[in-house]
Amino acid sequence: MSNSTVPRSRAEATTTEADPRAEAPAEGRPEGKRSGKLSLRLRFRRDRTLILMTLPAVLLVLVFNYVPILGNVVAFQEYDPYISENGFVAMLESPWVGIEQFERIFADSAFWDAVQNTLVLFSLQLVLFFPIPIVLALLINSVIRPRIRAVSQAILYLPHFFSWVLVITVFQQIFGGAGIIAQTLRRHGYEGFDLMTDPGIFKFLVTAEGVWKDAGWGVIVFLAALASVSPDLYEAAAMDGAGRWRRMWHVTLPALRPVIALLLVLRVGDALTVGFEQILLQRDAVGPGAAEVLDTYVWWNGVRNQDFSYAAAAGLIKGLVSVALVLAANKVAHFMGEQGVYKK
């Protein structure tokens, strides 16, 4: 009896005693291993292949996306590109005017009209355009035959590769004054119409063009998210008596919610960019009162008139507001329990 209890007591004693190796790490042990985290040097050695692979992409982003940000300094100057043949020297030698360019912008009523048109277009595209790829992805995902799914997905995705010139030409041939619908109505004794030159419906027309061109891209994104949903969840819901609509509501849509939140945050950040080329091509047909947005305003009042400081100031305002919208939308996503663009 005593022989059986002695080893047990010794074992208990050894577990209760302080282990010096557990409290004080051995000399020479790396700091990363002592704290449970790898040091920066060890992480670099572990991931050096991935870092080298991504280095060209990082350099490309730095050169074409972040270095040009330094050029926003001309928004506080009376920039004259003809001072020197070197653009950098011309930027250094241009006189400083402080916030004079911003005062000119805020005092211009055309700027506020462009802001209003931009926000109205964004609201329409957010309400009418954003849900359509989700609905189309759910419809395609419900099709059982793989061939029909592939064909329908290819048809929806094809207009994404069309240029805006071709898209507007197609709409002109259908809804224009000499389009198919107007000519058909005239043959049957009715008065034709020209939707392409009607300022009242221009915003809805632009939204329809965007839906036809880019809805297929959103469908692919949501179908990829749906492909990650486990079939076991649908089977379990069906065994519990859930029909097709309840399975979509309680299984499919919760699986899409993180993707929807992420794309919604990015869409809100892109609120002040509603399609420069698309609107510029149709601006003369409906007039600047209906088609002037921030991008076309910067083009006509800044770049085309070679008032580069004015254009830079307007672009800087747009960029700062867009960043603020992204941060606000991301906070809303965090409040709803989603990750958004980045974690808390």
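**Salt bridges and a helix crossing**

In this predicted model, Asp214 and Lys213 pair up through their side chains in a salt bridge, with N and O 3.7 Å apart. The two partners sit in somewhat unlike surroundings. Lys213 is buried, with just 9% relative accessible area, while Asp214 counts as partly exposed at 24%. That 24% puts Asp214 past the 20% under which a residue would be called buried.

This pair is one of five salt bridges counted in the model. Another one joins Asp295 to Lys318, and here the N to O distance is 2.4 Å. Asp295 belongs to helix 17 and Lys318 to helix 18, so this bridge ties together parts that lie 23 residues apart in sequence. Both ends are tucked away: Asp295 is buried at 14% relative accessible area, and Lys318 is buried too, at 17%.

Then there is Arg104, which forms a salt bridge with Asp307; the closest N and O atoms are 2.9 Å apart. What makes this pair worth a look is where its ends sit. Arg104 is in helix 6 (residues 100-106), whereas Asp307 is in the loop between helix 17 (294-303) and helix 18 (308-335), so the bridge links parts that are 203 residues apart in sequence. Arg104 is partly exposed, at 36% relative accessible area. Asp307, on the other hand, is buried, with a value of 16%.

Now for the way two of the helices pack. Two packed helices are described by the angle between their axes and by how far apart those axes are. For helix 8 (residues 131-141) and helix 12 (residues 202-227), the axes come within 8 Å and cross at roughly 55°. With that angle, helix 8 is oblique to helix 12. As for handedness, the crossing of helix 8 and helix 12 is right-handed.

Which residues of helix 8 and helix 12 meet? On the helix 8 side, they are Ile132, Pro133, Ile134, Leu136, Ala137, Leu138, Ile140 and Asn141. Helix 12 brings Val211, Ala215, Gly218, Val219, Phe222, Leu223 and Leu226 to the contact. Sorted by type, the residues where helix 8 meets helix 12 come out as 13 nonpolar and two polar, with no charged ones. The two polar ones are Asn141 from helix 8 and Gly218 from helix 12, as Gly is counted among the polar residues here.

Key: Residues are numbered from 1 along each chain as its sequence is written. This is a predicted model: local features need pLDDT of at least 70, side-chain atom pairs count only at pLDDT 80 or more; totals for chains, interfaces and linings use all residues. Side-chain values use heavy atoms; hydrogens and water are left out. Axes are lines fitted to C-alpha atoms, for helices over the stretch in contact, and angles run from 0 to 180 degrees between N-to-C directions. Helices (H or I, at least four residues) and strands (E, at least two) are DSSP runs, numbered from the N terminus. Angles under 35 degrees count as roughly parallel, over 145 as roughly antiparallel, 65 to 115 as roughly perpendicular and the rest as oblique. A crossing is left-handed if the near helix is turned anticlockwise from the far one by less than a right angle, and right-handed if clockwise. Contact means heavy atoms within 4.5 Å. A salt bridge is a side-chain nitrogen of Lys or Arg within 4 Å of a carboxyl oxygen of Asp or Glu. Buried means under 20% relative accessible area, exposed over 50%, partly exposed in between (1.4 Å probe, protein chains only).
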